[in-house]
Amino acid sequence: MVVSCLSTAVLSGHYVGFSMVSLLLELNSACLHLRKLLLLSRRAPSLAFSVTSWASLATLALFRLVPLGWMSLWLFRQRHQVPLALVTLGGIGLVTVGVMSIILGIRILVNDVLQSRTHPPSPGHEKTRGTRTHHNDGPVTRDNSTHSLKD
């Protein structure tokens, strides 16, 4: 969808400024990629991961949702001056990326911020992640991380 929208601007020579604003959405990708790398390296319960999660949410709002809102408003106001095919293509693209961004923001908020606050460590439990002991049994190791690699 993004490629079709950007290529329309490049090939036609029109709406290049509009397309440049859409590239602001990609600034959020750096935080999202860093967050994913920290998840894959099992560094999720760290200060670096917490800062990256908050930075992902902040850049998602600033560099994704704000430009998407501005672009949607601009397209709606200019719909009489822009060919119907481009309004349709742009509208579908904005709605698609907007919905994906909102879902991504909710997933990051729930998985990184809310779940980490709802599961504080209990007193008396070992500090080793994923390990707990029973009275009669030895240590039981399992991955009970609240962070999913699907995020």
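This briefing describes the fold, the helices and a surface patch of one protein chain. The model is predicted. The chain holds five helices and two strands, and along the sequence these elements run in the order α-α-α-α-α-β-β.

**Overall character**

- Of the 151 residues in the protein chain, 28% are buried.
- The chain exposes an area of about 10100 Å², and 67% of that area is supplied by carbon and sulfur atoms.
- When contacts between residues at least 6 apart in sequence are considered, 67% of them join residues at least 24 apart.

**Helix α3**

- Helix α3 covers residues 27-40, which is 14 residues.
- At 1.5 Å a residue, helix α3 should span 20 Å, and the 21 Å between its end C-alpha atoms agrees with that expectation.
- The buried residues of α3 are N28, S29, C31, L32, R35, L38 and L39.
- As background to such a list, residues three or four places apart in an α-helix point the same way, because the helix has 3.6 residues a turn.
- R42 follows α3 and has a positive phi, near 60°.

**Helix α4 and T59**

- T59 belongs to helix α4, which comprises residues 47-77.
- T59 has a relative accessible area of 14%, and it is therefore classed as buried, the cut-off being under 20%.
- A polar atom of the T59 side chain lies 3.3 Å from the backbone oxygen of S56.
- Leaving aside residues up to four places away in sequence, T59 touches N28, C31 and R64.
- Two of these partners, N28 and C31, are among the buried residues of α3.

**Helix α5 and the nonpolar patch**

- L65, I102, I106, L109, V110 and L114 make a nonpolar patch of about 460 Å² on the surface.
- Helix α5, residues 84-118, contributes five residues to the patch, which is the largest share.
- L109, one of the patch residues, is located in helix α5.
- L109 counts as partly exposed because its relative accessibility is 35%, and partly exposed residues fall between the buried limit of 20% and the exposed limit of 50%.
- G98 is also a residue of helix α5.
- With a relative accessibility of 12%, G98 counts as buried.
- G98 and P67 are 31 residues apart in sequence, and their C-alpha atoms are 10.0 Å apart in space.

Conventions:
Residues are numbered from 1 along each chain as its sequence is written. This is a predicted model: local features need pLDDT of at least 70, side-chain atom pairs count only at pLDDT 80 or more; totals for chains, interfaces and linings use all residues. Side-chain values use heavy atoms; hydrogens and water are left out. Patches are made of residues with over 30% relative accessible area and no salt bridge: like charges are joined within 9 Å, nonpolar side chains (Val, Leu, Ile, Met, Phe, Trp, Tyr) within 5 Å. Accessible areas come from the Shrake-Rupley method with a 1.4 Å probe; for residues, only the protein chains shown count as cover. A salt bridge is a side-chain nitrogen of Lys or Arg within 4 Å of a carboxyl oxygen of Asp or Glu. Helices (H or I, at least four residues) and strands (E, at least two) are DSSP runs, numbered from the N terminus. Buried means under 20% relative accessible area, exposed over 50%, partly exposed in between (1.4 Å probe, protein chains only). The expected span of a helix is 1.5 Å times one less than its number of residues. A polar contact is a pair of N or O atoms within 3.5 Å; within protein, one must be able to donate a hydrogen and the other to accept it, and residues adjacent in sequence count only if both atoms are side-chain atoms. Contact means heavy atoms within 4.5 Å.
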